[in-house]
Amino acid sequence: MKSGFIDPALAQEDASLLGWKNLFMTIWREIFTLVKANLCFLLFCIPIVTMPAALCALHGVCVDVVRGRDCKVMGTFLHTIKSQLLQSWAVFLLLGLLEFISAYGAWFYFSHCKGNWLLLLMGVFMSGAAVITYLMISYCYTMLARVDLTLGKVLKNSFLLTFLNLKFSICSGVITIAVIVLCSLFWLRVFPLLLLCAFSLVVYFATYFSLFGLEKYVLTENL
C-alpha cells in the first residue's frame, strides 16, 4: 500500500547508500555532528516543555547525517522547536499513553490469567500493542522532522510502515532497546558517553532503519 508522504530529497537520493557497512561508516564520519546533536538535545531538554521537540529535532539531524547532507545542528533544533512544538507534544502524549495502557494491560492480564486462555490472549494482544507503539515512535518523529504532514497522517503512516518495513522495524527496535537497557544498567560507567553521544546514537540507529521504509514506500497518491 502506498502512502501520502515523502520528502522529495529522500526519493531522489540513492537508496543503496543505506546498508550495514554504511551504518558504521557514517558514525565514524559524522561522530562530531552526533556529539553536537547530543549536547544540543540535552540542552533543549532542560526546559521540559521543549523535550519532545528536541527529540524530533534529533531525528531530523540524524536523517541529514545518514544522507550525508550539511547540517547546522543548532539551527535545526531552533527551527524544529519553533515549528513542531505542538505536534511533537501531541505525538509524545498519545504514544506515551498508548504505551502505558498497553504495557499495564499486558502486566495485568498475564498476572491474573492463571490458566484462563481468554485473559492470556488479551495479555498477548496488549503486549503486541505495546511493541507496535514502541516501533512507531521513530517513524513518527522522523516524519515530523522532515515531512509536512498532518498529525493523523503521520500516525497512520507510522502504523503502516511498522508492518510494511517489518524486518527493519524489528532491527531498529532490538538495537535501540539493547542500547537503552545497557546504558540504564551501567549508567554510572557510561555517564561520559551519555553526555557525549549516547542519545544521538540511539536515535541514529532508529532513524537509519526507518529510512528504508520511508524511501521504499513513497507516496504516489493521497491517502
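Which residues does V73 touch, not counting residues up to four places away in sequence? Some notes for you on this one, starting there.

1. In this predicted model, V73 touches T33, K36, A37, C40 and V61, with residues up to four places away in sequence left out of the count. V73 is also among the residues that touch the most other members of the largest nonpolar core, together with F41, V61, F77, M143 and Y204.

2. That core has 50 residues. At least two of them come from each of α2, α3, α4, α5, α6, α7 and α9. The biggest contribution is from α4, which gives 11 residues.

3. Stepping back to the whole chain, you will find 9 helices and 0 strands. Of its 223 residues, 45% are buried. Among contacts with a separation of 6 or more, 79% join residues 24 or more positions apart. The chain exposes about 12000 Å², and carbon and sulfur atoms supply 75% of that.

4. Now for the rings: there are 11 aromatic pairs in the structure. One of them is Y104 with W107, whose ring centres are 5.6 Å apart; their planes meet at 40°, so this pair is tilted. Both residues sit in helix α5, 3 residues apart, or about one turn of the helix. Y104 is partly exposed at 46% relative accessibility, while W107 is exposed at 53%.

5. Y208 and F209 have ring centres 5.9 Å apart and planes at 80°, so they form an edge-to-face pair. Y208 is buried at 1% relative accessibility, and F209 is buried too, at 2%. Ring pairs link these two with F168, Y204 and F205 into a cluster.

Technical notes: Residues are numbered from 1 along each chain as its sequence is written. This is a predicted model: local features need pLDDT of at least 70, side-chain atom pairs count only at pLDDT 80 or more; totals for chains, interfaces and linings use all residues. Side-chain values use heavy atoms; hydrogens and water are left out. A nonpolar core is a set of buried Ala, Val, Leu, Ile, Met, Phe, Trp, Tyr and Cys residues joined through side-chain atoms within 4.5 Å. Buried means under 20% relative accessible area, exposed over 50%, partly exposed in between (1.4 Å probe, protein chains only). Helices (H or I, at least four residues) and strands (E, at least two) are DSSP runs, numbered from the N terminus. Contact means heavy atoms within 4.5 Å. Accessible areas come from the Shrake-Rupley method with a 1.4 Å probe; for residues, only the protein chains shown count as cover. Rings of Phe, Tyr and Trp (its six-membered ring) pair if their centres lie within 6.5 Å; planes under 30 degrees apart count as stacked, over 60 as edge-to-face and the rest as tilted.
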